[in-house]
Amino acid sequence: MTSTADLYDQHGDALQSLPLQLRSFGARTSFEGPIRTVRCFEDNALVKQLLSSPDDGAVLVVDGAGSLQTALMGDMIAQLAVDNGWAGVVINGCVRDSAVIATMPLGVKALGTNPRKSGKQGTGEVDVTVEFGGVSFRPGARLYADEDGILVER
């Protein structure tokens, strides 16, 4: 994959750059793919549902409204993503089981960690445009992530 810095140099404002300083958790530090989305708040049932289905090479963007109160993904859900061919997961929220996730061949970026698990009511929305950090994440648009940050097609 071409680095995000080089991609931005080539395409400039055709790409949105996420200014949030997300931490990297998965063993795959650079990843790219078409976006799928979930909007949820302290409830990861829809995250688990999407990552349980095959989506070869996609990146799930989860807008958890920036909540640091609960984790939206742990090692078992991350393993579902690996098993089903997802390239990565970007979470505007927290993960847990970070030491295990660090060993998985999956790109994972999130705000931080919290060992507290989330609700399981299934509230939220799937495959809608979500926005955080001033960037719009549209289902089907391409996302590029590496050690320098995240870029998204406009």
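The legends below describe close-up views of charged side chains in a predicted model. Local features require pLDDT of at least 70 and side-chain atom pairs pLDDT 80 or more, whereas totals for chains, interfaces and linings use all residues. Residues are numbered from 1 along each chain as its sequence is written, and side-chain values use heavy atoms, with hydrogens and water left out.

**View 1. Surroundings of Lys-109 in strand E7 (residues 107–113; strands are DSSP runs of E, at least two residues, numbered from the N terminus).** Lys-109 is buried (under 20% relative accessible area, 1.4 Å probe, protein chains only). Lys-109 has no salt bridge (a side-chain nitrogen of Lys or Arg within 4 Å of a carboxyl oxygen of Asp or Glu). The nearest side chain of opposite charge, that of Asp-146, is 6.3 Å away. The backbone oxygen of Asp-146, however, lies 3.0 Å from a polar atom of the Lys-109 side chain.

**View 2. Salt bridge between Asp-55 and Arg-36.** The N to O distance is 2.5 Å. Arg-36 belongs to strand E3 (residues 31–39), and Asp-55, 19 residues apart from it, to the loop between helix H2 (45–51; helices are DSSP runs of H or I, at least four residues) and strand E4 (59–63). Asp-55 is buried at 17% relative accessibility.

**View 3. Salt bridge between Arg-39 and Glu-125.** The closest N and O atoms are 2.5 Å apart. Arg-39 lies in strand E3 and Glu-125 in strand E8 (residues 125–126), so the pair ties together parts 86 residues apart in sequence. Glu-125 is partly exposed (between the 20% limit for buried and the 50% above which a residue is exposed), at 36%.

How values were computed
Lys and Arg count as positive and Asp and Glu as negative; His and the chain ends are not counted. A polar contact is a pair of N or O atoms within 3.5 Å; within protein, one must be able to donate a hydrogen and the other to accept it, and residues adjacent in sequence count only if both atoms are side-chain atoms.
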